[in-house]
Each structure stands twice: as structure tokens, then as C-alpha cells.
Amino acid sequence: MRVFAQCKKELAQFSRDHLTVALAIVLPLATLLIFGFAIRLQTKDILIVVQDFSMTPTSRSYVAQLFTTNQFQPTRWSGQDPINDAIEKGIAKAAVIIPPEFEWQVKAEKTPPYKC
């Protein structure tokens, strides 16, 4: 019963205070418009380094599919430890390492181990 009394009181307050009604409607609407149209949460052109230990048609196809989207851009980097060097020096933001048994794991439908 107290809940209904509180609701009745708040509705009466809304009818007296037009600024509160405007804020209650305008602020959520403005937030919806900002998040709906102004802010883009899509990632694009992330620089990545790929180290392919498998060197099979399956792994090359996988790498090609990574770059068919506009989300990733390949970065070439060489050295003793190309993955760590590229990420530490800011050349790349992420790395993809394809293990030697990648094709076998794909054909066996096993999930390759991954590290973050």
C-alpha cells in the first residue's frame, strides 16, 4: 500500500514540476541518440602481426580470411622475437600465432590452444 501512495505522490509532483518531467524524458532520449548515432563501437584497421608455423593451405586461408574484413591490417615485422618486438614497440596491437599442427587440429575439429 505504501508503494502506491508513493507513486501517487510522485505523479502529483510531476504534474507540478515541468522541469522534472522534461528532464525525465529529454535526458534518456538524448542518451539514446548519442549512443545510437554518435558513438561508434566498431573496431577498424587494428594492426596485427601473424606468425604462421603451419605454412599449410589451411593456415594461409585462415590468415586471408582475417584480412578480408576491414577490422585487421597486416603488419610485417622481423627479428629474433617478432611478436613481442612488434607489440612492445607499438608496431602492432595484437598477434596471431598459428601452431604447426593447425591443419590437423582443424580437420580433427579440435579447438587449438590459445593464449592471451
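**Notes on a pocket, a core and two loops**

1. A good place to begin is the second largest pocket, which holds about 290 Å³ of space. Please keep in mind that this is a predicted model. As a general reminder, rolling a probe the size of a water molecule over the atoms shows where empty space is left.

2. Which residues lie nearest the centre of this second largest pocket? They are Val50, Gln51, Pro74, Thr75 and Arg76, out of a lining of 14 residues. By class, the lining divides into nine nonpolar, two polar and three charged residues.

3. On the elements behind that lining: β1 (46-52) and α3 each supply at least two residues. The biggest share comes from β1, which gives five residues to the lining of the second largest pocket.

4. Next, the interior. The largest nonpolar core has six residues: Ile48, Val63, Leu66, Val96, Ile98 and Phe102. Two or more of these come from α3 (57-68), and the same holds for β3 (94-98).

5. Val63 is worth a click while you have the core on screen. Once its neighbours within four places in sequence are set aside, Val63 is in contact with Val50 and Ile98. Of these two partners, Ile98 is a member of the largest nonpolar core, while Val50 is among the residues nearest the centre of the second largest pocket.

6. Now to the loop between β1 and α3, where you will find Thr56. Is Thr56 buried or exposed? With a relative accessible area of 15%, Thr56 falls under the 20% cut-off and so counts as buried. Its side chain makes a polar contact with the side chain of Ser54, at 3.1 Å.

7. Met55 is also found in the loop between β1 and α3. Here the relative accessible area is 52%, and because the cut-off for exposed is over 50%, Met55 is classed as exposed. Its backbone deserves a look too: Met55 has a positive phi of about 50 degrees although it is not a glycine. For context, most residues other than glycine have a negative phi.

8. Which other loop residue would I check? Asp45, in the loop between α2 (18-38) and β1, is my suggestion. Asp45 is not a glycine, yet its phi is positive, at about 60 degrees. Its relative accessibility is 42%, which lies between the 20% and 50% cut-offs, so Asp45 counts as partly exposed.

Conventions:
Residues numbered from 1 in each chain as written. Predicted model: local features only at pLDDT ≥ 70, side-chain atom pairs only at ≥ 80, totals over all residues. Heavy atoms only, no water. Core = buried A, V, L, I, M, F, W, Y, C linked by side-chain atoms within 4.5 Å. Buried < 20%, exposed > 50% of the residue type's maximum accessible area, 1.4 Å probe, protein only. Helix = DSSP H or I, 4+ residues; strand = E, 2+ residues; numbered from the N terminus. Contact = heavy atoms within 4.5 Å. 1 Å grid on protein atoms, 1.4 Å probe; cavity = no way out; pocket = protein on both sides within 12 Å on 5 of 7 lines; lining within 4 Å. Points joined across faces, edges and corners; volume = space filled by probe spheres on them. Nonpolar A, V, L, I, M, F, W, Y, C, P; charged D, E, K, R; others polar. Polar contact = N/O pair within 3.5 Å; in protein donor to acceptor, adjacent residues only side chain to side chain.
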